[in-house]
Structure formats: structure tokens, C-alpha cells
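These are my notebook entries from a reading of one structure. I recorded what I looked up, entry by entry.

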Amino acid sequence: MQFKEERTFVLLKPDTIQRSLVGEVTTRFEKKGLKLVAMKMMRLDEALLREHYAHIADKDFYPGVEAFMKSSPVIAMCWEGLEVVQAVRILCGITKSRVADAGSIRGDLAMSIACNIIHASDSVENAKAEIARFFTAEEMFEYKKSDYEDVYTEEERA
Ligand SMILES: Nc1ncnc2c1ncn2[C@@H]1O[C@H](COP(=O)(O)OP(=O)(O)OP(=O)(O)O)[C@@H](O)[C@H]1O
Ligand SMILES: [Mg+2]
């Protein structure tokens with residue numbers, strides 16, 4: 001990383017693949033100007049899900065979340081950019097999709113609170129832990145992206 005950029009972790013949930021929305025969602029991050037630094041398709045098992053969703057593991061709705069997240073493959077991604085954790089959460093919209101802001105991913109593409117298209121890290125600290133949980137160092141890519149760094153002002157870079 002060249003300056004004070006952050007990285008965030010994103011999961012395209014099973015409904016995104018089932019509904020053929022992988023391109024639609026990924027395009028939004030590309031158009032926003034984020035840099036893709038890792039991506040892979042995978043199946044999530046119970047142990048990984050319990051770790052990832054530790055903050056909701058004792059909720060009544062958790063078994064449903066786990067069954068849904070195991071129901072078909074997901075796509076894990078890592079995106080880089082200035083204040084990207086917050087930027088991606090804004091792009092996603094709130095958990096309850098049917099009342100998420102129009103224009104957001106959940107607001108435009110989903111109605112459910114559970115099947116809500118996407119997971120995104122909610123803090124820089126959690127992003128670091130989630131990236132380490134889902135990707136090995138070899139799966140993360142450092143490269144120069146020609147249309148990327150120039151969009152930031154000197155002040156933003158400082
Ligand atoms: N009341 C609920 N009923 C059913 N599923 C829920 C409910 N609340 C949350 N979930 C599911 O658990 C996930 C994690 O909940 P969390 O509170 O972390 O929301 P989030 O941060 O918006 O979503 P995510 O962590 O997936 O990005 C939600 O995305 C959703 O799939
Ligand atoms: Mg969350």
C-alpha cells in the first residue's frame with residue numbers, strides 16, 4: 001500500500017450467486033474506484049461461520065443464518081481504498097434490505113433481513129481480522145492500478 005489506504009473484507013452471500021448478481025454487485029465496487037486485491041469462491045463450514053458471526057451466534061435467528069450461509073458457495077473479496085471500510089458499508093446499505101436506502105446494494109437488490117446479498121466489515125479492526133481469517137498472504141495481491149492513486153488529492157494522501 002502506498003499511503004494511508006485501508007482494506008475491507010466483503011462476502012457475496014449465497015443469494016448473490018443464486019440470483020446471478022455477482023457481476024452487478026462487483027461492478028458497483030469497481031465503478032466506485034476501489035482496488036480489488038483478493039477474490040475467491042468458497043464454501044463456508046460451521047466452524048468458520050461461528051467465528052465470523054460470533055457476535056450473533058447466540059441469537060435465535062443464528063441457525064437460519066448458518067443454514068443460509070452454507071446453502072451454496074460464496075465469493076470472498078478484499079477491496080482497498082481510502083476509508084474503504086466506511087465507503088463499502090455505505091454502498092451496502094443497512095441490514096434490513098427492504099428499508100435500506102435506494103441506490104445502495106441492499107436497497108436496490110433485496111427485500112430480506114437475512115438474505116441480504118452481502119457482508120462487509122464494520123470496522124478497520126474487524127476488517128483486519130476477517131481478511132486474515134479468509135485469505136492467506138499468498139492470496140493477497142499487491143499491484144499498481146493505473147486509474148487508482150491519482151484520484152486522491154495530496155491532502156488525502158498525507
Ligand atoms: N433479525 C435478524 N433476522 C435474521 N437474520 C439476521 C437478523 N439480523 C441479522 N441477521 C443476519 O445476520 C447477519 C449479520 O448481522 P449484523 O448485525 O452483523 O448485520 P450487518 O453487519 O449489516 O451484516 P453483515 O455482518 O452480514 O455485513 C446479517 O447480515 C443478516 O444476514
Ligand atoms: Mg456485521
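**Entry 1: the shell around the ligand.** I sorted the residues of the shell around ligand 1 by character and found eight nonpolar, four polar and three charged. The model is a predicted one, and I read each entry with that in mind. I then looked up how many residues surround ligand 1, and the count is 15. The closest of them are Lys-13, Tyr-53, His-55, Thr-95 and Asn-116. I also asked which element gives the most to this shell. It is strand S4, residues 118-120, with three residues.

**Entry 2: polar contacts of the ligand.** I looked next at the oxygen atoms of ligand 1. One oxygen atom is 2.6 Å from an N or O atom in the side chain of Thr-95. For the side chain of His-55, I noted a distance of 2.7 Å between an N or O atom and an oxygen atom of the ligand. Ala-114 takes part through its backbone, where an N or O atom lies 2.9 Å from an oxygen atom of ligand 1. I then checked how much of the ligand is covered: taken alone it exposes 570 Å², and the protein buries 81% of that. Where does ligand 1 sit? I found ligand 1 in the largest pocket.

**Entry 3: the loop between H6 and S4.** I turned to the loop that runs from helix H6 (105-109) to S4, where Ile-117 is found. Phi of Ile-117 is near 75 degrees, a positive value in a residue other than glycine. Is Ile-117 buried or exposed? I recorded Ile-117 as buried because its relative accessibility is 0%, and the cut-off for buried is under 20%. Cys-115 is found in the loop between H6 and S4 as well. Cys-115 has a relative accessibility of 30%, so I entered this residue as partly exposed. From Cys-115 to Val-99 I read 14 Å, C-alpha to C-alpha, for two residues that are 16 apart in sequence.

**Entry 4: Ser-20.** I looked up a further residue with a positive phi. Ser-20 is not a glycine, yet its phi is positive, at about 55 degrees. Its place is the loop between helix H1 (14-18) and H2. I listed Ser-20 as exposed because its relative accessible area is 64%, and exposed means over 50%.

**Entry 5: two helix residues.** I found Thr-26 in helix H2, residues 22-32. Thr-26 has a relative accessible area of 13%, and I therefore noted it as buried. Leu-36 is ten residues from Thr-26 along the chain, and their C-alpha atoms are separated by 9.6 Å. Glu-66 belongs to helix H4, residues 62-70. What is the relative accessible area of Glu-66? I read 11%, so Glu-66 is buried. Between Glu-66 and Glu-6, 60 residues apart along the chain, the C-alpha atoms are separated by 29 Å.

**Entry 6: Met-140.** My last look-up concerned the loop between helix H7 (124-134) and helix H8 (154-157), in which Met-140 lies. I counted Met-140 as buried because its relative accessibility is 17%. I also took the separation of Met-140 and Met-39: they are 101 residues apart along the chain, and their C-alpha atoms are separated by 8.4 Å.

Technical notes:
Residues numbered from 1 in each chain as written. Chains lettered and ligands numbered in written order. Predicted model: local features only at pLDDT ≥ 70, side-chain atom pairs only at ≥ 80, totals over all residues. Heavy atoms only, no water. Near = heavy atom within 4 Å. Polar contact = N/O pair within 3.5 Å; in protein donor to acceptor, adjacent residues only side chain to side chain. Areas by Shrake-Rupley, 256 points an atom, 1.4 Å probe, with all protein chains shown as cover. 1 Å grid on protein atoms, 1.4 Å probe; cavity = no way out; pocket = protein on both sides within 12 Å on 5 of 7 lines; lining within 4 Å. Sits in = over half its atoms within 2 Å of the grid points. Helix = DSSP H or I, 4+ residues; strand = E, 2+ residues; numbered from the N terminus. Nonpolar A, V, L, I, M, F, W, Y, C, P; charged D, E, K, R; others polar. Buried < 20%, exposed > 50% of the residue type's maximum accessible area, 1.4 Å probe, protein only.
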